[in-house]
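Dear colleague,

I am passing on the structure we spoke about, and my notes follow it. Please read them with the model open beside you.

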Amino acid sequence: QVQLVESGGGLVQPGGSLRLSCAASGSAVELYAMGWYRQAPGKQRELVARRTTGGFIQYADSVKGRFTISRDYAKRTVALQMNSLKPEDTAVYYCNGESRRIGGMDYWGKGTLVTVSS
């Protein structure tokens, strides 16, 4: 119904920056919220940042002040600007979209790998 595709991952040195992007395609279903989750090696998936249509924003404590989430509602995209990257930020980052259409739905991208290492 809705497909999410991430881009922008890669290898970056500690202290560097990356910008992740996610584009929704397929159904024109409204996404109440879009956000980013990540899963580091050997750990569970966790919320990184989330932004609702109404403008409510959530950040993980570990990234607050370093990461910034933004949405382009017309283009149905969401981006994550990541600054001052640390080795512990290394993870697969997944784009997420939430629909409040009847029944409710969560959509996920395939993920993009971010590696922070020197």
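How many bridges join strand 3 to strand 8, and in which sense do the two strands run? Six bridges join them, and strand 3 (residues 18-26) and strand 8 (residues 77-82) run antiparallel. Strands here are DSSP runs of E of at least two residues, numbered from the N terminus, and two strands are taken to pair if DSSP finds at least two bridges between them.

Before going further, please note that this is a predicted model, in which local features need pLDDT of at least 70 and side-chain atom pairs count only at pLDDT 80 or more, while totals for chains, interfaces and linings use all residues. Residues are numbered from 1 along each chain as its sequence is written, and side-chain values use heavy atoms, with hydrogens and water left out.

Within the pairing of strands 3 and 8, Leu18 stands opposite Met82 of strand 8. Both strands belong to an open sheet of four strands, whose order is 1-3-8-7 and whose pairing is antiparallel. Strand 1 (2-7) and strand 7 (67-72) are at the edges with a single partner strand each, so one side of each has no neighbour in the sheet. From one strand to the next, the twist averages 15° (axes are lines fitted to C-alpha atoms, and angles run from 0 to 180 degrees between N-to-C directions).

A further antiparallel pairing, over four bridges, is that of strand 9 (residues 91-99) with strand 10 (residues 105-108). Here Glu98 stands opposite Asp106 of strand 10, and among the five residues between the strands of this hairpin, Gly103 takes a positive phi near 95°.

Searching the whole structure gives one disulfide, a term that stands for a pair of cysteine sulfur atoms within 2.5 Å. The disulfide joins Cys22 to Cys95, with an S to S distance of 2.0 Å, and it links distant parts of the chain, since Cys22 is in strand 3 and Cys95 in strand 9, 73 residues apart. The torsion about the S-S bond of Cys22 and Cys95 is about -85°, so this disulfide is left-handed. Cys22 and Cys95 are both buried, which means under 20% relative accessible area, where exposed is over 50% and partly exposed lies in between (1.4 Å probe, protein chains only).

Finally, Ser117 lies in the segment after strand 11 (112-116) and is partly exposed, with a relative accessible area of 38%. Leaving aside neighbours within four places in sequence, Ser117 is in contact (heavy atoms within 4.5 Å) with Leu11, Val12, Gln13 and Pro14.

With best wishes
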